[in-house]
Amino acid sequence: MRDLAGYILKRGLWMVLTLWVVYSISFALMRSVPGNPFSSERGMPPAIELQMKARYNLDAPIMQQYVDILKGIVFRGDMGWSYKLEDYSVNQVIAEGFPVSASLAIFALVFALILGITAGVISAVYRRTPADTALMMAAVLGIAVPNFVIASIAILLFVFMLQLFPAAGWGTLSQIALPALCLGMPIAAYIARLTRTGMLETMTKDHVRTAFAKGLPRHKVITRHVLPGALLPVVSYLGPAVARVLTGSVVLEKIFALPGMGSHFINAALQRDYTVAMGMVLIYTVLLFVMNTLVDITYSIIDPRVKLQ
Amino acid sequence: MMTDSNRETLERILAESKGIHGVSLWQDAWRRLRRNKTAMISLVFLILLAVMAFITPLLPLQSPIDKDLNNRRFLPPNLQAVVMGSRADLKFEGGTLTGEMAKFDKMIVALQEDAAQTGDADEQQKIAESIQSRMEVEHPFNQLWNELDPLSWKMTEIRIAVFGDYSIPSVFGTDKLGRDLLARVFWGARVSLIVGVIAALVSLIIGVSYGAIAGYFGGHIDAAMMRLVDVLYSVPFFFVVIFLLTFLGEPDVKAWFDSVGVDQIMVFYITIGAIYWLTMSRVVRGQVLALRHEQFIEAAQTIGASPPRIIFRHLVPNVMGVVIVYLTLTIPSVMLFEAFLSFLGMGVAPPDVSWGLLLNDGIEALSIIKIFWWVVLFPGAALAFTLFALNFLGDGLRDALDPRMKNRD
């Protein structure tokens with residue numbers, strides 16, 4: 001337990017350091033771009049522009065701004081106002097987008113785990129049968145075809161031709177299902193391959209032979225003795241998988257027109273809305289750090305040989 | 001004093017030893033790779049692809065950028081012959097590219113004669129300038145292709161000399177602006193492959209140097225350098241890169257880069273390459289750590305070789321195996337990333353084409369009213385097959401270079 005607390009504390013410190021680095025770089029980039037949010041406004045009298053700048057602290061020396069914004073983020077959790085969205089603070093944008101992205105990501109991960117592990121187990125158990133070959137071909141396909149291509153084909157197939165899912169919108173389960181499936185597909189493919197390799201390796205181990213020798217039924221050996229060992233690589237892949245889901249959700253939110261963080265981020269980037277873009281990068285850093293830490297902790301619980309450090 | 005029998009034995013052993021050839025790591029790996037059918041098919045496919053992409057200007061393809069909104073929008077794959085430069089709005093002489101080129105050459109020659117006749121230096125200067133500007137604007141090549149580099153320009157001239165006005169029919173169909181998809185897939189291959197290769201090379205240079213230096217010096221230097229890698233690992237690079245590209249797309253920044261002679265797409269390659277080095281550096285460091293107490297390193301140190309020499313002459317060549325494996329696995333992920341970015345509208349910008357951009361066009365054209373399947377299928381298949389091949393080759397190389405497999409099949 002003491003280990004765990006120390007570990008979390010250490011990770012937390014690293015996260016703060018990383019965030020600070022990301023903030024500093026973003027700030028430097030933002031400020032090195034000439035002009036300010038008001039300079040493009042045509043016809044704004046210079047006096048008013050000065051007033052606006054004073055109101056938003058843009059007339060302060062650059063170091064002062066750096067410290068002030070940092071203080072705002074640290075003490076008030078305030079990341080400033082959007083440059084491009086009317087009457088939106090960055091926090092509001094994130095608060096709106098986060099639930100959408102989070103539920104999409106969770107659904108996708110759960111789906112990827114269920115499908116990937118099932119497929120991996122089946123193809124390992126029925127090794128060298130047509131089922132195995134077919135599943136592994138599908139897995140390679142899932143890895144090599146970009147998910148935006150899968151998504152657009154899925155829209156065509158399931159939304160327009162078969163009319164199983166609604167075309168757009170957000171909120172109900174049937175509206176989440178299709179984007180989550182498309183998002184989870186490449187990850188499921190990867191997990192299937194990992195599970196299969198892990199299963200095949202564990203099946204040659206001595207303890208499995210013993211289990212068979214003492215007459216346990218096949219399904220019991222596989223679920224009780226083979227699967228736990230085979231799933232270790234899958235658990236350690238969950239960290240990168242989270243990163244992939246976050247990245248992939250940007251693209252899928254664009255295709256399905258979902259109001260998540262990803263589409264806000266892309267819009268911010270395309271319209272040079274620097275405050276929103278910076279806020280998003282910071283939030284994604286936090287998410288990635290937290291998820292990676294959780295995965296590491298889970299791994300050390302499952303596999304006692306691994307020590308947290 | 002050596003007896004005869006002794007000498008005989010020695011000679012026999014010598015003759016025997018001549019019959020045995022050492023098997024180097026690479027020979028062994030190559031032998032094993034050759035037996036791996038999927039890896040070999042992938043290798044052949046990739047070599048063919050690279051060659052085809054390189055000689056694209058030599059092939060009798062249609063123009064990748066010439067639009068025909070009136071007659072050729074969304075043509076399904078067909079075998080109808082297309083004559084180069086026959087679109088009416090191009091107003092080419094005789095409706096052919098060769099006709100227009102002959103006319104253009106004649107005009108240039110006439111101008112040059114004018115220049116030769118006038119004795120006035122100012123006049124000559126003026127005519128020379130107008131020739132220059134006409135070459136840039138009116139040359140038929142500049143209407144059918146986008147900014148050919150000198151080599152491609154030469155290759156296109158050879159192609160015209162060989163094939164004349166013949167071009168391959170639109171066997172892949174045409175897109176929403178009436179451009180030939182086959183030509184676009186070929187020209188897109190050049191961009192996509194170059195992005196993959198250059199970015200992977202950048203990541204290779206950074207990653208190998210960084211990892212080798214950290215591993216060789218060890219101790220505090222290693223700890224500090226690897227801590228930095230750990231920190232960078234937890235930065236969501238996808239988002240940082242988009243943020244960076246936003247910044248790089250700012251008109252003033254762009255102008256600055258143009259002024260120092262670096263074009264946008266180069267910056268794009270380097271940015272992507274610069275984020276893919278982390279895994280490479282970790283792998284190389286691990287290998288170097290294992291190698292640095294080997295005797296050949298000690299020998300090099302004893303004769304006074306400098307650390308850079310030891311690192312780059314003695315250590316790096318020994319880790320090349322792993323590096324190559326990671327390189328073949330980095331290229332597909334970089335290509336996928338480029339496709340992602342182009343899809344989101346922040347990668348390669350038109351009129352350049354890349355597979356990501358083609359896929360984006362294709363997806364926009366997907367609709368229920370009429371299914372233009374070919375605009376998605378062909379670029380998608382090109383990308384998928386390439387990624388397949390690279391992944392299989394990478395897996396095959398990893399197995400082949402695995403030292404535990406030495407002298408086994």
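Reader: How many residues does the contact take from chain A and from chain B?

Author: The structure is a predicted model. Contact here means heavy atoms within 4.5 Å. By that criterion the contact takes, from chain A and chain B respectively, 41 residues and 37 residues.

Reader: What area do chain A and chain B bury between them, and what percentage of it is on carbon and sulfur atoms?

Author: Between them, chain A and chain B bury about 3700 Å². The part of this area on carbon and sulfur atoms is 83%.

Reader: How many salt bridges and how many residue pairs in polar contact are found between the two chains?

Author: Across the interface of chain A and chain B the rule finds zero salt bridges. For polar contact, both residues being at pLDDT 80 or more, the count between chain A and chain B is one residue pair.

Reader: Which helix of chain A gives the most to the side that touches chain B?

Author: Several helices of chain A each supply at least two residues to that side, among them α1 (2-32), α5 (130-144) and α10 (232-256). α12 (274-302) also belongs to this group. With eight residues, the helix that gives the most is α12(A).

Reader: How do the residues of the side of chain A that touches chain B divide into nonpolar, polar and charged?

Author: On that side of chain A, seven residues are polar and three are charged. The nonpolar residues there number 31.

Reader: Where in chain A is R128(A), and is this residue buried or exposed?

Author: R128(A) lies in the loop between α4 (90-125) and α5 of chain A. Its phi is near 60°, a positive value in a residue other than glycine. Most residues other than glycine have a negative phi. Because exposed means over 50% relative accessible area, R128(A), at 69%, counts as exposed.

Reader: What is the phi of A257(A), and where in chain A is this residue placed?

Author: A257(A) is not a glycine, yet its phi is positive, at about 55°. The residue is exposed, with a relative accessible area of 58%. Its place in chain A is the loop between α10 and α11.

Reader: Turning to chain B, what separation is found between the centres of domain 1 and domain 2?

Author: Chain B is divided into domain 1, covering 81-167, and domain 2, covering 181-405. Taken over C-alpha atoms, the centres of these two domains of chain B are separated by 39 Å.

Reader: Which residues of domain 1 of chain B lose the most area to domain 2 of chain B?

Author: Five residues of domain 1 of chain B are in contact with four residues of domain 2 of chain B. The area buried between the two domains is about 300 Å², of which carbon and sulfur atoms give 48%. Together accounting for 79% of what the domain 1 side buries, the residues that lose the most area are W145(B), N146(B) and S152(B).

Reader: How many salt bridges are counted between domain 1 and domain 2 of chain B?

Author: The rule finds one residue pair in polar contact across this interface of chain B, with both residues at pLDDT 80 or more. The side of domain 1 of chain B that touches domain 2 of chain B has two nonpolar residues, two polar and one charged. For salt bridges between these domains of chain B, the count is zero.

Reader: Is T156(B) buried or exposed, and from which residue does a backbone oxygen lie 2.6 Å from a polar atom of its side chain?

Author: T156(B) is placed in helix α7 (residues 150-163) of chain B. Because buried means under 20% relative accessible area, T156(B), at 1%, is buried. Beyond its neighbours within four places in sequence, T156(B) is in contact with P57(B), F141(B), W145(B) and L148(B). The backbone oxygen lying 2.6 Å from a polar atom of the T156(B) side chain belongs to S152(B).

Terms used. Residues numbered from 1 in each chain as written. Chains lettered and ligands numbered in written order. Predicted model: local features only at pLDDT ≥ 70, side-chain atom pairs only at ≥ 80, totals over all residues. Heavy atoms only, no water. Domains from an automatic or database assignment. Buried area = accessible area lost by both parts, 1.4 Å probe. Salt bridge = Lys/Arg side-chain N within 4 Å of Asp/Glu carboxyl O. Polar contact = N/O pair within 3.5 Å; in protein donor to acceptor, adjacent residues only side chain to side chain. Nonpolar A, V, L, I, M, F, W, Y, C, P; charged D, E, K, R; others polar. Helix = DSSP H or I, 4+ residues; strand = E, 2+ residues; numbered from the N terminus. Buried < 20%, exposed > 50% of the residue type's maximum accessible area, 1.4 Å probe, protein only.
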